[in-house]
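Thanks for coming. I will go through one model today, element by element, and then through a few single residues. Please have the viewer open.

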Amino acid sequence: ILVTATTRRLARPYVRSIQKHGAAVVIATPHKAPPADDPLGGATGLLITGGPDLDPALYGQTSDPSAGVESNRRRDDMELALLRLALDRDLPVLAICRGMQLLNVAFGGTLIQDLPDHRATHQNGRWESAYHQTYLAPGTRIAAVLGIGGFFRLNSRHHQGLREAQKSPALLASAYSLGDGIIEALESTAHRWVLGIQCHPEREDETPRAFVRLFQRLVERAEIEAG
């Protein structure tokens, strides 16, 4: 599995989550991307992790001065190139938080630049996740991975996202935040296994146990691709 992140340190929680299921891992950062002759580093699956905001220029907007946008264009460009290559090869992709937003932008969608109610908050010297109730539609690919649809209490550590108005028409929204209609999961119907989720399942003590199956299934699909 190729794991993208801003730094190797920030990749560690995600790496731990997939290594529990036997994955061999390659980490790509803006400062150490895979070589040009092998951009995916031999990987047969892609995990795009959380991180900074996407540059609004990527979806045809200027940065809103009141939104507090903090972007890393080198990471944006690296991940978009890797994602498009993985999509061209129809490899399995799991895109988490920022990754789900990148997935939407890669398919031609846009983003809401600031969602104050979904941010983590600084309490007692540490950043604490927000939480909200989410509805996951039965019959979707993500529900099939989890083994269940319905209502879940999920964590939230983002301040950008999308509703139906921002969603790419090429993607299916499979989960929504009940309070405000923010899309919590996306999937591509044109690919065999391309899933995006807004919550952070690598923070296993903050999400229902079933969500670790996302990592398990990503590894299984990558193993199939590897032959």
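Which residue follows α3, and what is the sign of its phi? The residue is Gly108, and its phi is positive, near 100 degrees. Before going further, please note that this is a predicted model.

Let me stay with α3, which spans residues 98-106. Eight of the nine residues in this helix are buried, so the helix is mostly covered. The buried ones are Arg98, Gly99, Met100, Gln101, Leu102, Leu103, Asn104 and Val105. What do they pack against? The partners include one helix, α2 (73-88). The strands β3 (46-48), β4 (93-96), β9 (171-177), β10 (183-188) and β11 (194-197) are partners too.

Two of those partners deserve a residue each. In helix α2 we have Asp76. Is Asp76 buried or exposed? Asp76 has 0% relative accessibility, so it counts as buried. Setting aside neighbours within four places in sequence, Asp76 is in contact with Arg98 and Leu102, and both of these are among the buried residues of α3. The other contacts of Asp76 are Asp53, Leu54, Asp55 and Leu58.

In strand β9 we have Ala175. Ala175 counts as buried because its relative accessibility is 3%. How far is the C-alpha atom of Ala175 from that of Ala185? The separation is 4.9 Å, for two residues that are 10 apart along the chain. Ala185 is also one of the contacts of Ala175, again leaving aside neighbours within four places in sequence. The others are Thr134, Tyr135, Leu136, Ile182, Ile183 and Glu184.

Next, the pair of strands β7 and β8. β7 covers residues 130-136, and seven bridges join it to β8. The two strands run antiparallel. Tyr131 stands opposite Asn155 in β8. Why call β8, residues 150-156, largely enclosed? Five of its seven residues are buried, so the rest of the structure encloses most of the strand.

Tyr131 has one more entry. The charged end of Arg153 sits over the ring of Tyr131, at 4.0 Å from the ring centre.

Now the aromatic pairs. How many are there? The count is two. In one, the ring centres of Tyr135 and Phe151 are 5.0 Å apart and the planes are at 50 degrees; the pair is therefore tilted. Since Tyr135 is in strand β7 and Phe151 in strand β8, the pair ties together parts that are 16 residues apart in sequence. Tyr135 has a relative accessible area of 30%, so it is partly exposed. Phe151 is at 59% relative accessibility and therefore counts as exposed.

The other pair is Phe152 with Phe211: the ring centres are 5.3 Å apart and the planes are at 85 degrees, so this one is edge-to-face. It links distant parts of the chain, 59 residues apart, with Phe152 in strand β8 and Phe211 in the loop between β11 and α5 (213-226). Phe152 is buried, with a relative accessible area of 9%. Phe211 is at 2% relative accessibility and also counts as buried.

On to the cysteines. How many disulfides does the structure hold? Zero. Cys97 is in no disulfide, and the nearest cysteine sulfur, that of Cys199, is 8.9 Å away. Why is there no bond from Cys199? Its closest cysteine sulfur is the one in Cys97, and 8.9 Å is too far for a bond, given a cut-off of 2.5 Å between the sulfur atoms. Cys97 counts as buried because its relative accessibility is 4%. Cys199 counts as buried at 1%.

The last residue is Gln113, in the loop between α3 and β5 (121-123). Its relative accessible area is 9%, so Gln113 is buried. What does the side chain of Gln113 make a polar contact with? One partner is the side chain of Gln61, at 2.9 Å. A polar atom of the Gln113 side chain also lies 2.8 Å from the backbone nitrogen of Asp64. Not counting residues up to four places away in sequence, Gln113 touches Gln61 and Asp64 along with Pro56, Tyr59, Thr62, Ser63, Ala67, Val69, His159 and Gln160.

That is the end of the list.

Note on methods
Residues numbered from 1 in each chain as written. Predicted model: local features only at pLDDT ≥ 70, side-chain atom pairs only at ≥ 80, totals over all residues. Heavy atoms only, no water. Buried < 20%, exposed > 50% of the residue type's maximum accessible area, 1.4 Å probe, protein only. Helix = DSSP H or I, 4+ residues; strand = E, 2+ residues; numbered from the N terminus. Contact = heavy atoms within 4.5 Å. Pairing = 2+ DSSP bridges. Phe/Tyr/Trp six-rings, centres within 6.5 Å; stacked < 30°, edge-to-face > 60°. Lys NZ or Arg CZ within 6 Å of the ring centre and 35° of its normal. Polar contact = N/O pair within 3.5 Å; in protein donor to acceptor, adjacent residues only side chain to side chain.
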